[in-house]
Amino acid sequence: MAKAKTYYFCQECGYQSASWLGRCPECGKFGTFAEEVVKSAPTTGNKLRAPNSELRIPKKIQDVVYSETRRIPTHCSEFDRVLGGGIVSGSLLLLGGEPGIGKSTLLLQTALAINDRKLLYISGEESEQQIKMRADRLNSELRTSNTELYVVSETVTQRIFEHVDSVHPDLLIIDSIQTVSTEDLDSPAGSVGQIRQCTAEFQHFAKTTGVPVLLIGHITKDGSLAGPKVLEHIVDAVLQFEGDRNYGYRILRALKNRFGSTAEIGIFEMQGNGLREVPNPSEFLLSHRDETLSGAAVAATLEGARPMFVEVQSLVSSAVYGTPQRNANGFDMRRLSMLLAVLEKRCGFKLGAKDVFLNLAGGMRVSDPAIDLAVACAVLSSNVDIAISPRICFAAELGLSGEVRPVSRVEQRIAEADRIGFERIFISKYNSREIDPKRYRIQIVPVGVIEEAFRALFA
Ligand code: TYD
Ligand code: MG
(Lines give C-alpha, C1' and ligand atoms only; values in the text may rest on other atoms or scores of the structure.)
(Ligands and ions follow the chains in the order given, each with its own letter.)
Protein backbone atom coordinates (compact mmCIF):
# COMPACT_ATOMS: atom_id res chain seq x y z
CA MET A 1 0.00 0.00 0.00
CA ALA A 2 1.19 3.47 -0.77
CA LYS A 3 2.44 5.51 2.14
CA ALA A 4 -0.05 8.18 3.27
CA LYS A 5 1.41 11.62 3.80
CA THR A 6 -0.05 14.96 4.71
CA TYR A 7 0.65 18.09 2.75
CA TYR A 8 -0.73 21.58 3.01
CA PHE A 9 -1.90 23.29 -0.16
CA CYS A 10 -2.73 26.93 -0.70
CA GLN A 11 -6.31 26.84 -2.02
CA GLU A 12 -5.66 29.98 -4.03
CA CYS A 13 -2.54 29.19 -5.99
CA GLY A 14 -1.77 25.55 -5.26
CA TYR A 15 1.49 26.18 -3.38
CA GLN A 16 2.49 23.04 -1.52
CA SER A 17 4.11 22.95 1.89
CA ALA A 18 4.98 20.25 4.42
CA SER A 19 3.64 22.36 7.30
CA TRP A 20 0.75 24.73 7.77
CA LEU A 21 1.49 28.34 6.96
CA GLY A 22 -0.51 31.43 7.84
CA ARG A 23 0.47 33.33 4.73
CA CYS A 24 1.22 31.83 1.36
CA PRO A 25 4.75 32.71 0.24
CA GLU A 26 3.66 32.32 -3.39
CA CYS A 27 0.53 34.44 -3.71
CA GLY A 28 0.67 36.33 -0.41
CA LYS A 29 -2.89 35.42 0.67
CA PHE A 30 -3.63 34.77 4.34
CA GLY A 31 -5.32 31.71 5.82
CA THR A 32 -5.58 29.80 2.56
CA PHE A 33 -3.75 26.61 3.56
CA ALA A 34 -5.71 23.39 3.87
CA GLU A 35 -4.50 19.94 4.80
CA GLU A 36 -4.71 17.22 2.19
CA VAL A 37 -3.73 13.60 2.63
CA VAL A 38 -1.71 12.22 -0.23
CA LYS A 39 -1.35 8.44 -0.52
CA SER A 40 1.68 8.42 -2.73
CA ALA A 41 3.86 11.47 -2.78
CA PRO A 42 2.40 13.93 -5.31
CA THR A 43 5.44 13.96 -7.51
CA THR A 44 3.45 13.77 -10.73
CA GLY A 45 6.40 15.24 -12.49
CA ASN A 46 8.37 11.99 -12.53
CA LYS A 47 5.38 9.97 -13.65
CA LEU A 48 4.67 12.35 -16.47
CA ARG A 49 8.22 12.36 -17.70
CA ALA A 50 8.37 8.59 -17.92
CA PRO A 51 7.17 8.02 -21.53
CA ASN A 52 9.61 10.45 -23.07
CA SER A 53 12.50 9.51 -20.88
CA GLU A 54 14.71 8.26 -23.73
CA LEU A 55 17.80 10.37 -24.17
CA ARG A 56 17.14 13.52 -26.14
CA ILE A 57 19.75 15.30 -28.15
CA PRO A 58 19.52 19.02 -28.81
CA LYS A 59 18.93 19.69 -32.50
CA LYS A 60 19.46 22.70 -34.67
CA ILE A 61 16.12 24.44 -35.09
CA GLN A 62 16.30 24.04 -38.89
CA ASP A 63 16.53 20.27 -38.43
CA VAL A 64 13.45 19.90 -36.24
CA VAL A 65 10.66 18.32 -38.24
CA TYR A 66 7.02 18.32 -37.31
CA SER A 67 3.88 17.15 -38.99
CA GLU A 68 1.04 19.56 -39.65
CA THR A 69 -1.12 19.71 -36.51
CA ARG A 70 -4.24 17.64 -36.94
CA ARG A 71 -7.40 19.37 -35.88
CA ILE A 72 -10.91 18.11 -35.27
CA PRO A 73 -13.31 20.72 -36.66
CA THR A 74 -16.22 21.39 -34.32
CA HIS A 75 -18.70 22.24 -37.10
CA CYS A 76 -19.47 25.41 -35.21
CA SER A 77 -17.78 28.37 -36.88
CA GLU A 78 -17.79 30.59 -33.77
CA PHE A 79 -16.17 27.86 -31.66
CA ASP A 80 -13.66 27.02 -34.42
CA ARG A 81 -12.78 30.68 -34.78
CA VAL A 82 -11.82 30.90 -31.10
CA LEU A 83 -9.92 27.62 -31.19
CA GLY A 84 -8.01 28.68 -34.28
CA GLY A 85 -9.64 26.18 -36.62
CA GLY A 86 -10.62 23.16 -34.55
CA ILE A 87 -9.45 21.04 -31.64
CA VAL A 88 -5.78 20.08 -31.97
CA SER A 89 -5.08 16.41 -31.36
CA GLY A 90 -3.37 15.68 -28.06
CA SER A 91 -4.33 19.03 -26.60
CA LEU A 92 -5.85 19.75 -23.23
CA LEU A 93 -8.44 22.51 -23.23
CA LEU A 94 -10.14 24.19 -20.34
CA LEU A 95 -13.53 25.85 -20.74
CA GLY A 96 -14.29 28.13 -17.80
CA GLY A 97 -17.39 30.06 -16.90
CA GLU A 98 -19.83 30.88 -14.15
CA PRO A 99 -22.37 28.24 -13.17
CA GLY A 100 -25.39 28.29 -15.44
CA ILE A 101 -23.77 30.27 -18.22
CA GLY A 102 -24.05 27.37 -20.69
CA LYS A 103 -20.75 25.46 -20.63
CA SER A 104 -22.38 22.02 -20.59
CA THR A 105 -24.80 23.15 -23.29
CA LEU A 106 -21.99 24.40 -25.52
CA LEU A 107 -19.92 21.23 -25.26
CA LEU A 108 -22.86 18.85 -25.55
CA GLN A 109 -24.12 20.74 -28.58
CA THR A 110 -20.64 20.66 -30.10
CA ALA A 111 -20.35 16.95 -29.34
CA LEU A 112 -23.66 16.29 -31.09
CA ALA A 113 -22.52 18.26 -34.12
CA ILE A 114 -19.27 16.32 -34.54
CA ASN A 115 -20.87 13.28 -36.11
CA ASP A 116 -17.90 11.75 -37.89
CA ARG A 117 -15.96 10.91 -34.70
CA LYS A 118 -16.42 8.86 -31.60
CA LEU A 119 -16.83 11.01 -28.51
CA LEU A 120 -17.02 10.29 -24.81
CA TYR A 121 -18.80 12.76 -22.55
CA ILE A 122 -18.13 12.20 -18.85
CA SER A 123 -20.40 14.08 -16.50
CA GLY A 124 -19.80 14.32 -12.80
CA GLU A 125 -22.76 16.61 -12.41
CA GLU A 126 -25.60 15.06 -14.32
CA SER A 127 -26.98 11.56 -14.83
CA GLU A 128 -27.12 9.96 -18.28
CA GLN A 129 -30.88 10.59 -18.33
CA GLN A 130 -30.38 14.29 -17.66
CA ILE A 131 -27.79 14.51 -20.42
CA LYS A 132 -30.19 12.75 -22.79
CA MET A 133 -33.00 15.15 -21.87
CA ARG A 134 -30.75 18.08 -22.63
CA ALA A 135 -29.58 16.50 -25.89
CA ASP A 136 -33.20 15.98 -26.96
CA ARG A 137 -33.84 19.63 -26.30
CA LEU A 138 -30.85 20.63 -28.40
CA ASN A 139 -31.27 18.26 -31.28
CA SER A 140 -34.60 16.85 -32.30
CA GLU A 141 -33.19 14.49 -34.95
CA LEU A 142 -30.97 12.68 -32.47
CA ARG A 143 -32.65 9.31 -33.02
CA THR A 144 -31.99 9.33 -36.73
CA SER A 145 -28.52 10.85 -36.79
CA ASN A 146 -25.42 8.70 -36.73
CA THR A 147 -23.77 10.61 -33.89
CA GLU A 148 -21.35 8.39 -32.01
CA LEU A 149 -21.53 10.12 -28.67
CA TYR A 150 -21.16 8.01 -25.55
CA VAL A 151 -22.22 9.45 -22.22
CA VAL A 152 -21.54 8.25 -18.70
CA SER A 153 -21.91 9.73 -15.25
CA GLU A 154 -18.62 9.17 -13.44
CA THR A 155 -16.38 11.04 -11.03
CA VAL A 156 -13.33 8.88 -10.32
CA THR A 157 -10.47 9.23 -12.80
CA GLN A 158 -9.46 5.56 -12.55
CA ARG A 159 -13.02 4.57 -13.68
CA ILE A 160 -12.98 7.27 -16.34
CA PHE A 161 -9.87 5.78 -17.92
CA GLU A 162 -11.53 2.33 -17.85
CA HIS A 163 -14.45 3.82 -19.82
CA VAL A 164 -11.96 5.40 -22.21
CA ASP A 165 -10.33 1.99 -22.74
CA SER A 166 -13.66 0.39 -23.61
CA VAL A 167 -14.96 3.20 -25.88
CA HIS A 168 -11.72 4.40 -27.55
CA PRO A 169 -13.02 7.91 -28.20
CA ASP A 170 -11.48 10.49 -30.56
CA LEU A 171 -12.35 13.24 -28.10
CA LEU A 172 -12.91 13.17 -24.35
CA ILE A 173 -15.08 15.72 -22.54
CA ILE A 174 -15.00 16.06 -18.76
CA ASP A 175 -17.84 17.99 -17.10
CA SER A 176 -16.39 19.26 -14.75
CA ILE A 177 -12.83 19.15 -13.41
CA GLN A 178 -14.14 20.21 -9.98
CA THR A 179 -16.28 17.09 -9.67
CA VAL A 180 -13.70 14.46 -10.59
CA SER A 181 -11.24 12.98 -8.14
CA THR A 182 -8.45 10.45 -8.08
CA GLU A 183 -8.18 7.59 -5.61
CA ASP A 184 -4.56 8.55 -4.97
CA LEU A 185 -5.61 11.51 -2.87
CA ASP A 186 -7.89 11.52 0.15
CA SER A 187 -8.97 15.12 -0.20
CA PRO A 188 -12.46 15.86 -1.56
CA ALA A 189 -13.17 16.55 -5.23
CA GLY A 190 -12.70 20.21 -6.06
CA SER A 191 -9.78 20.76 -3.68
CA VAL A 192 -6.57 22.15 -5.09
CA GLY A 193 -4.68 18.88 -4.76
CA GLN A 194 -7.41 16.93 -6.57
CA ILE A 195 -7.79 19.44 -9.38
CA ARG A 196 -4.08 19.53 -9.95
CA GLN A 197 -3.61 15.79 -9.85
CA CYS A 198 -6.62 15.02 -12.07
CA THR A 199 -5.60 17.65 -14.60
CA ALA A 200 -2.10 16.18 -14.69
CA GLU A 201 -3.61 12.73 -15.35
CA PHE A 202 -5.74 14.04 -18.21
CA GLN A 203 -2.77 15.89 -19.64
CA HIS A 204 -0.70 12.74 -19.48
CA PHE A 205 -3.51 10.86 -21.24
CA ALA A 206 -3.88 13.50 -23.95
CA LYS A 207 -0.14 13.75 -24.65
CA THR A 208 0.47 10.00 -24.79
CA THR A 209 -2.60 9.00 -26.82
CA GLY A 210 -3.14 12.11 -28.96
CA VAL A 211 -6.80 12.20 -27.92
CA PRO A 212 -7.76 15.78 -27.09
CA VAL A 213 -9.42 16.37 -23.73
CA LEU A 214 -11.88 19.19 -23.06
CA LEU A 215 -12.27 20.08 -19.41
CA ILE A 216 -15.07 22.22 -18.03
CA GLY A 217 -14.08 24.36 -15.06
CA HIS A 218 -16.17 26.53 -12.79
CA ILE A 219 -15.33 30.09 -12.07
CA THR A 220 -15.43 31.68 -8.64
CA LYS A 221 -17.24 34.93 -7.84
CA ASP A 222 -14.15 37.06 -8.43
CA GLY A 223 -13.84 35.71 -11.95
CA SER A 224 -10.85 33.41 -11.58
CA LEU A 225 -11.04 29.72 -12.26
CA ALA A 226 -11.93 27.86 -9.10
CA GLY A 227 -8.90 25.91 -8.07
CA PRO A 228 -5.28 26.70 -8.48
CA LYS A 229 -3.77 29.01 -11.03
CA VAL A 230 -1.46 26.12 -11.90
CA LEU A 231 -4.35 24.63 -13.86
CA GLU A 232 -4.07 27.45 -16.36
CA HIS A 233 -0.38 26.72 -16.81
CA ILE A 234 -0.90 23.01 -17.44
CA VAL A 235 -3.56 23.25 -20.12
CA ASP A 236 -2.89 24.22 -23.75
CA ALA A 237 -5.79 26.61 -24.02
CA VAL A 238 -8.05 28.39 -21.58
CA LEU A 239 -11.40 29.38 -23.01
CA GLN A 240 -13.81 31.49 -21.09
CA PHE A 241 -17.55 31.52 -21.62
CA GLU A 242 -19.14 34.67 -20.33
CA GLY A 243 -22.17 36.85 -20.55
CA ASP A 244 -24.90 38.28 -18.42
CA ARG A 245 -27.38 35.64 -17.40
CA ASN A 246 -30.23 38.12 -17.77
CA TYR A 247 -29.39 38.61 -21.43
CA GLY A 248 -29.27 36.02 -24.13
CA TYR A 249 -25.87 36.66 -25.61
CA ARG A 250 -22.74 34.73 -24.62
CA ILE A 251 -19.12 35.44 -25.52
CA LEU A 252 -16.48 32.76 -25.87
CA ARG A 253 -12.95 34.08 -25.46
CA ALA A 254 -9.54 32.48 -25.51
CA LEU A 255 -7.52 33.72 -22.52
CA LYS A 256 -4.66 31.52 -23.58
CA ASN A 257 -4.24 29.46 -26.73
CA ARG A 258 -1.11 27.66 -27.77
CA PHE A 259 -2.61 26.87 -31.18
CA GLY A 260 -4.32 30.08 -32.19
CA SER A 261 -4.88 33.74 -31.61
CA THR A 262 -6.34 35.05 -28.37
CA ALA A 263 -7.78 38.02 -30.18
CA GLU A 264 -10.70 36.07 -31.63
CA ILE A 265 -14.02 35.82 -29.86
CA GLY A 266 -17.09 33.75 -30.57
CA ILE A 267 -20.57 35.08 -30.00
CA PHE A 268 -23.63 32.99 -29.23
CA GLU A 269 -27.18 33.55 -28.20
CA MET A 270 -28.87 31.24 -25.68
CA GLN A 271 -32.25 30.16 -26.93
CA GLY A 272 -34.87 27.66 -25.87
CA ASN A 273 -33.23 24.95 -27.94
CA GLY A 274 -29.61 25.67 -27.20
CA LEU A 275 -26.98 28.10 -28.36
CA ARG A 276 -27.26 29.86 -31.71
CA GLU A 277 -24.20 31.29 -33.41
CA VAL A 278 -24.25 35.05 -33.91
CA PRO A 279 -22.09 35.86 -36.93
CA ASN A 280 -23.12 39.52 -36.90
CA PRO A 281 -22.89 40.85 -33.36
CA SER A 282 -23.20 44.54 -34.13
CA GLU A 283 -26.73 44.30 -35.42
CA PHE A 284 -27.64 42.11 -32.50
CA LEU A 285 -26.33 44.46 -29.82
CA LEU A 286 -27.74 47.73 -31.06
CA SER A 287 -31.09 48.47 -29.52
CA HIS A 288 -33.57 49.77 -32.01
CA ARG A 289 -34.34 53.08 -30.46
CA ASP A 290 -36.39 56.13 -31.14
CA GLU A 291 -34.69 59.14 -32.71
CA THR A 292 -35.92 61.46 -30.02
CA LEU A 293 -34.39 59.95 -26.90
CA SER A 294 -31.48 61.80 -25.39
CA GLY A 295 -28.58 60.18 -23.54
CA ALA A 296 -27.63 57.45 -26.01
CA ALA A 297 -24.57 57.19 -28.26
CA VAL A 298 -23.14 54.30 -30.25
CA ALA A 299 -19.48 53.34 -29.87
CA ALA A 300 -17.56 51.49 -32.58
CA THR A 301 -15.46 49.21 -30.38
CA LEU A 302 -13.28 46.22 -31.12
CA GLU A 303 -13.62 43.00 -29.15
CA GLY A 304 -10.45 41.17 -29.91
CA ALA A 305 -10.21 41.49 -33.66
CA ARG A 306 -13.92 41.93 -34.24
CA PRO A 307 -15.73 45.23 -34.59
CA MET A 308 -18.67 45.50 -32.26
CA PHE A 309 -21.11 48.36 -32.00
CA VAL A 310 -22.32 49.05 -28.51
CA GLU A 311 -24.91 51.53 -27.41
CA VAL A 312 -23.92 53.66 -24.42
CA GLN A 313 -26.90 54.90 -22.42
CA SER A 314 -26.58 57.66 -19.92
CA LEU A 315 -28.86 59.45 -17.52
CA VAL A 316 -27.85 62.75 -15.97
CA SER A 317 -30.10 64.33 -13.37
CA SER A 318 -29.78 66.90 -10.61
CA ALA A 319 -28.34 65.39 -7.48
CA VAL A 320 -30.87 65.34 -4.68
CA TYR A 321 -28.45 64.33 -1.93
CA GLY A 322 -25.26 66.06 -0.93
CA THR A 323 -22.96 63.62 -2.70
CA PRO A 324 -23.85 63.07 -6.35
CA GLN A 325 -24.35 59.45 -7.35
CA ARG A 326 -22.28 57.72 -9.98
CA ASN A 327 -23.09 54.35 -11.38
CA ALA A 328 -21.70 52.51 -14.38
CA ASN A 329 -22.69 49.11 -15.77
CA GLY A 330 -20.13 47.59 -18.08
CA PHE A 331 -17.73 50.52 -17.88
CA ASP A 332 -14.94 51.30 -15.45
CA MET A 333 -16.12 53.68 -12.69
CA ARG A 334 -12.79 55.45 -12.34
CA ARG A 335 -12.64 56.06 -16.05
CA LEU A 336 -16.15 57.52 -15.88
CA SER A 337 -15.10 59.90 -13.09
CA MET A 338 -12.15 60.98 -15.18
CA LEU A 339 -14.31 61.61 -18.24
CA LEU A 340 -16.78 63.61 -16.16
CA ALA A 341 -13.95 65.75 -14.82
CA VAL A 342 -12.79 66.40 -18.39
CA LEU A 343 -16.33 67.36 -19.37
CA GLU A 344 -16.58 69.76 -16.44
CA LYS A 345 -13.41 71.50 -17.42
CA ARG A 346 -14.03 71.66 -21.16
CA CYS A 347 -17.79 71.65 -21.72
CA GLY A 348 -19.23 73.35 -18.65
CA PHE A 349 -20.73 70.17 -17.32
CA LYS A 350 -21.54 70.76 -13.61
CA LEU A 351 -20.00 67.67 -12.14
CA GLY A 352 -20.75 68.23 -8.46
CA ALA A 353 -24.45 68.92 -8.94
CA LYS A 354 -25.40 65.93 -11.08
CA ASP A 355 -26.13 62.26 -10.64
CA VAL A 356 -24.71 60.26 -13.53
CA PHE A 357 -25.79 56.76 -14.49
CA LEU A 358 -24.20 54.86 -17.33
CA ASN A 359 -25.22 51.61 -18.91
CA LEU A 360 -24.04 49.61 -21.91
CA ALA A 361 -26.96 48.06 -23.78
CA GLY A 362 -27.25 44.31 -23.75
CA GLY A 363 -25.21 43.91 -20.55
CA MET A 364 -21.97 44.31 -22.49
CA ARG A 365 -18.65 44.98 -20.81
CA VAL A 366 -16.17 46.99 -22.84
CA SER A 367 -12.58 47.82 -22.01
CA ASP A 368 -11.63 49.21 -25.42
CA PRO A 369 -10.66 52.88 -24.82
CA ALA A 370 -12.30 53.80 -28.14
CA ILE A 371 -15.60 53.88 -26.27
CA ASP A 372 -14.60 57.11 -24.42
CA LEU A 373 -15.99 59.55 -26.95
CA ALA A 374 -19.35 57.77 -27.07
CA VAL A 375 -19.53 57.80 -23.25
CA ALA A 376 -18.75 61.52 -23.13
CA CYS A 377 -21.28 62.33 -25.85
CA ALA A 378 -23.99 60.19 -24.22
CA VAL A 379 -23.48 62.07 -20.94
CA LEU A 380 -23.54 65.43 -22.69
CA SER A 381 -26.63 64.43 -24.68
CA SER A 382 -28.51 63.57 -21.52
CA ASN A 383 -27.26 66.71 -19.82
CA VAL A 384 -28.49 69.08 -22.53
CA ASP A 385 -31.45 66.79 -23.32
CA ILE A 386 -30.78 66.74 -27.05
CA ALA A 387 -30.80 63.38 -28.81
CA ILE A 388 -27.93 62.13 -30.94
CA SER A 389 -29.12 60.50 -34.15
CA PRO A 390 -28.91 56.70 -34.02
CA ARG A 391 -27.17 56.92 -37.42
CA ILE A 392 -24.07 58.45 -35.76
CA CYS A 393 -21.31 56.47 -34.09
CA PHE A 394 -18.05 57.28 -32.30
CA ALA A 395 -14.57 55.78 -32.13
CA ALA A 396 -12.00 57.75 -30.14
CA GLU A 397 -10.27 57.92 -26.80
CA LEU A 398 -10.35 61.03 -24.61
CA GLY A 399 -7.27 62.51 -23.03
CA LEU A 400 -7.13 64.38 -19.74
CA SER A 401 -7.01 67.77 -21.37
CA GLY A 402 -10.04 67.03 -23.52
CA GLU A 403 -8.10 66.05 -26.64
CA VAL A 404 -9.70 63.40 -28.82
CA ARG A 405 -7.08 60.74 -29.25
CA PRO A 406 -6.54 58.23 -32.05
CA VAL A 407 -7.46 54.57 -31.65
CA SER A 408 -6.15 51.37 -33.18
CA ARG A 409 -7.50 49.90 -36.42
CA VAL A 410 -9.75 52.81 -37.16
CA GLU A 411 -10.24 51.75 -40.78
CA GLN A 412 -11.75 48.48 -39.70
CA ARG A 413 -14.21 50.34 -37.47
CA ILE A 414 -15.13 52.78 -40.24
CA ALA A 415 -15.61 49.99 -42.77
CA GLU A 416 -17.91 48.12 -40.40
CA ALA A 417 -19.89 51.28 -39.55
CA ASP A 418 -20.26 51.90 -43.27
CA ARG A 419 -21.42 48.35 -43.86
CA ILE A 420 -24.06 48.47 -41.12
CA GLY A 421 -25.41 51.70 -42.54
CA PHE A 422 -24.28 54.46 -40.17
CA GLU A 423 -24.28 57.92 -41.75
CA ARG A 424 -21.58 59.62 -39.69
CA ILE A 425 -18.65 58.51 -37.58
CA PHE A 426 -16.70 60.77 -35.21
CA ILE A 427 -13.01 59.97 -34.97
CA SER A 428 -9.84 61.70 -33.84
CA LYS A 429 -8.32 64.07 -36.35
CA TYR A 430 -5.00 62.31 -35.74
CA ASN A 431 -6.60 59.15 -37.08
CA SER A 432 -8.13 60.84 -40.10
CA ARG A 433 -4.76 61.44 -41.78
CA GLU A 434 -4.29 57.77 -42.52
CA ILE A 435 -7.66 57.22 -44.20
CA ASP A 436 -9.13 58.08 -47.53
CA PRO A 437 -12.73 59.27 -46.97
CA LYS A 438 -13.60 58.72 -50.63
CA ARG A 439 -13.49 54.98 -50.10
CA TYR A 440 -16.53 55.05 -47.84
CA ARG A 441 -20.11 56.19 -48.16
CA ILE A 442 -20.15 57.14 -44.46
CA GLN A 443 -19.28 60.73 -43.58
CA ILE A 444 -16.12 60.87 -41.46
CA VAL A 445 -16.02 63.68 -38.88
CA PRO A 446 -12.52 64.29 -37.53
CA VAL A 447 -12.39 66.13 -34.19
CA GLY A 448 -9.39 67.41 -32.23
CA VAL A 449 -10.93 68.27 -28.86
CA ILE A 450 -14.16 67.32 -27.13
CA GLU A 451 -15.65 70.83 -27.57
CA GLU A 452 -15.65 70.33 -31.34
CA ALA A 453 -17.73 67.18 -30.99
CA PHE A 454 -20.02 68.99 -28.55
CA ARG A 455 -20.58 71.86 -30.98
CA ALA A 456 -21.07 69.56 -33.95
CA LEU A 457 -23.74 67.57 -32.12
CA PHE A 458 -25.63 70.04 -29.96
CA ALA A 459 -24.97 73.58 -31.19
P1 TYD B 1 -25.70 24.84 -18.59
O2 TYD B 1 -25.09 24.42 -19.87
O3 TYD B 1 -26.23 23.78 -17.70
O4 TYD B 1 -24.70 25.75 -17.76
P5 TYD B 1 -23.31 25.34 -17.08
O6 TYD B 1 -22.92 24.00 -17.54
O7 TYD B 1 -22.37 26.44 -17.53
O8 TYD B 1 -23.52 25.42 -15.61
O9 TYD B 1 -26.86 25.86 -19.02
C10 TYD B 1 -27.58 26.51 -18.06
C11 TYD B 1 -28.66 27.43 -18.53
O12 TYD B 1 -28.91 27.46 -19.89
C13 TYD B 1 -29.92 26.99 -17.86
O14 TYD B 1 -30.19 27.92 -16.84
C15 TYD B 1 -30.95 26.97 -18.90
C16 TYD B 1 -30.32 27.54 -20.10
N17 TYD B 1 -30.67 26.80 -21.31
C18 TYD B 1 -31.43 27.42 -22.29
O19 TYD B 1 -31.85 28.56 -22.15
N20 TYD B 1 -31.72 26.73 -23.44
C21 TYD B 1 -31.30 25.45 -23.64
O22 TYD B 1 -31.56 24.87 -24.70
C23 TYD B 1 -30.51 24.84 -22.61
C24 TYD B 1 -30.02 23.43 -22.80
C25 TYD B 1 -30.21 25.54 -21.49
MG1 MG C 1 -22.85 22.23 -16.38
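This briefing walks through a helix pair, one covered helix, two residues with partners far along the chain, and some unusual backbone spots. The model is predicted, so local features need pLDDT of at least 70 and side-chain atom pairs count only at pLDDT 80 or more, while totals for chains, interfaces and linings use all residues. Residues are numbered from 1 along each chain as its sequence is written, chains are lettered from A and ligands numbered from 1 in the order in which they are written, and side-chain values use heavy atoms, with hydrogens and water left out. Helices (H or I, at least four residues) and strands (E, at least two) are DSSP runs, numbered from the N terminus.

**Helix 9 against helix 10**

- Helix 9 (residues 333-347) and helix 10 (residues 372-384) have axes that come within 10 Å and cross at roughly 60°. That angle makes helix 9 oblique to helix 10.
- For the terms here, axes are lines fitted to C-alpha atoms, for helices over the stretch in contact, and angles run from 0 to 180 degrees between N-to-C directions. Under 35 degrees counts as roughly parallel, over 145 as roughly antiparallel, 65 to 115 as roughly perpendicular, and the rest as oblique.
- The crossing of helix 9 past helix 10 is right-handed (the near helix is turned clockwise from the far one by less than a right angle; anticlockwise would be left-handed).
- On the helix 9 side, Arg335, Leu336, Leu339, Leu340, Leu343 and Cys347 do the touching, and they meet Asp372, Val375, Ala376, Val379 and Leu380 of helix 10 (contact means heavy atoms within 4.5 Å).
- Sorted by class, that contact has 9 nonpolar residues, 2 charged ones and no polar ones (Ala, Val, Leu, Ile, Met, Phe, Trp, Tyr, Cys and Pro count as nonpolar, Asp, Glu, Lys and Arg as charged, and the others, Gly among them, as polar).

**Helix 6 and the loop before it**

- Helix 6 (192-209) is mostly covered, with 13 of its 18 residues buried (buried is under 20% relative accessible area, exposed is over 50%, and partly exposed is in between, using a 1.4 Å probe and protein chains only).
- Its length checks out: at 1.5 Å a residue, the 18 residues of helix 6 should span 26 Å, and the end C-alpha atoms are indeed 26 Å apart (the expected span is 1.5 Å times one less than the number of residues).
- Right after helix 6 comes Gly210, with a positive phi near 80°.
- Ala189 sits in the loop between strand 9 (171-175) and helix 6, and is partly exposed at 38% relative accessible area.
- The C-alpha atoms of Ala189 and Thr179 are 5.5 Å apart, although 10 residues separate the two along the chain.
- Beyond its neighbours within four places in sequence, Ala189 contacts Gln178, Thr179, Val180, Ser181 and Gln194.

**Glu277 and His75**

- Glu277 belongs to strand 14 (residues 274-277) and is partly exposed, at 29%.
- Phe79 is 198 residues from Glu277 along the chain, yet their C-alpha atoms are separated by 8.9 Å.
- Residues up to four places away in sequence aside, Glu277 touches His75, Cys76, Ser77, Glu78, Ile267 and Phe268.
- His75 lies in the loop between strand 4 (71-72) and helix 2 (77-83), and is partly exposed at 45%.

**Backbone oddities**

- Most residues other than glycine have a negative phi, and most peptide bonds are trans.
- His75 has a positive phi, near 60°.
- Asp385 also isn't a glycine, and its phi is positive at about 60°. This residue is in the loop between helix 10 and strand 19 (392-395), and is exposed at 56%.
- The bond from Asp175 to Ser176 is cis, with omega near 5°, and Ser176 falls in the loop between strand 9 and helix 6.
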